[in-house]
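These are my notes on the model, set out as numbered points. They cover the nonpolar cores first, then a helix residue, then the salt bridges.

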Amino acid sequence: MGKVSAGGKEYIIAFSSFYKAAYAQDMLSEAGINATLRKLPTELVRSCGTGLYMRSESAEPAQLVFAEKQISPRGIYEINRGGGGEKNYIKIK
């Protein structure tokens, strides 16, 4: 799998624990996908307040890594920026 470009859409990937998020980040990094650990927005926090932020044309490469490594994110959300700087989170998986 090749490197994912820095342009494109923004995604947030939520997990049930910090350790699962950190492991997922390591697995994405090995596949050449850049993702950073960050605090989740309050409206997406359930059991864990840390998730992965990723910028890519598609979330599919990350989803393929998760399937291969048997990683189950709690949710994958696309970030949409509205007028006035507001952000909306659309669950895509």
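1. Of the 18 residues that make up the largest nonpolar core, I13, F15, L28, L52, M54 and F66 touch the most other members. The model is a predicted one, and the points below should be read on that footing.

2. Four elements each supply at least two residues of this core: the strands β1 (9-14) and β3 (50-56), and the helices α1 (18-30) and α2 (60-69). The most is given by α1, with 4 residues.

3. A second core, of 7 residues, lies apart from the largest one. Its members include I12, A14, L40 and I79.

4. Which residues does F15 contact, leaving aside its neighbours within four places in sequence? They are K20, A21, A24, S47, C48, T50, L52, F66, I71, S72, P73 and R74. Among these partners, L52 and F66 are also listed with F15 as residues of the largest core that touch the most other members.

5. K69 belongs to helix α2. Is K69 buried, partly exposed or exposed? Its relative accessibility is 33%, so K69 counts as partly exposed, given that this class covers values between 20% and 50%. In sequence, K69 and A24 are 45 residues apart, while their C-alpha atoms are 8.7 Å apart in space.

6. The salt bridge count comes to 2. In one of them R55 pairs with E10, with the closest N and O atoms 3.4 Å apart. Because R55 is in strand β3 and E10 is in strand β1, this pair ties together parts that are 45 residues apart in sequence.

7. The side chains of E10 and R81 also meet in a salt bridge, at 2.8 Å from N to O. Here E10 is in strand β1 and R81 is in strand β4 (residues 75-81), so the pair ties together parts 71 residues apart in sequence. Through shared partners, the salt bridges join E10, R55 and R81 into one network.

8. The exposure of two members of this network can be stated. E10 has a relative accessibility of 17% and therefore counts as buried, the cut-off for that class being under 20%. R55 has a relative accessible area of 40%, so R55 is partly exposed. The salt bridge between R55 and E10 thus joins a partly exposed residue to a buried one.

Notes. Residues numbered from 1 in each chain as written. Predicted model: local features only at pLDDT ≥ 70, side-chain atom pairs only at ≥ 80, totals over all residues. Heavy atoms only, no water. Core = buried A, V, L, I, M, F, W, Y, C linked by side-chain atoms within 4.5 Å. Buried < 20%, exposed > 50% of the residue type's maximum accessible area, 1.4 Å probe, protein only. Contact = heavy atoms within 4.5 Å. Salt bridge = Lys/Arg side-chain N within 4 Å of Asp/Glu carboxyl O.
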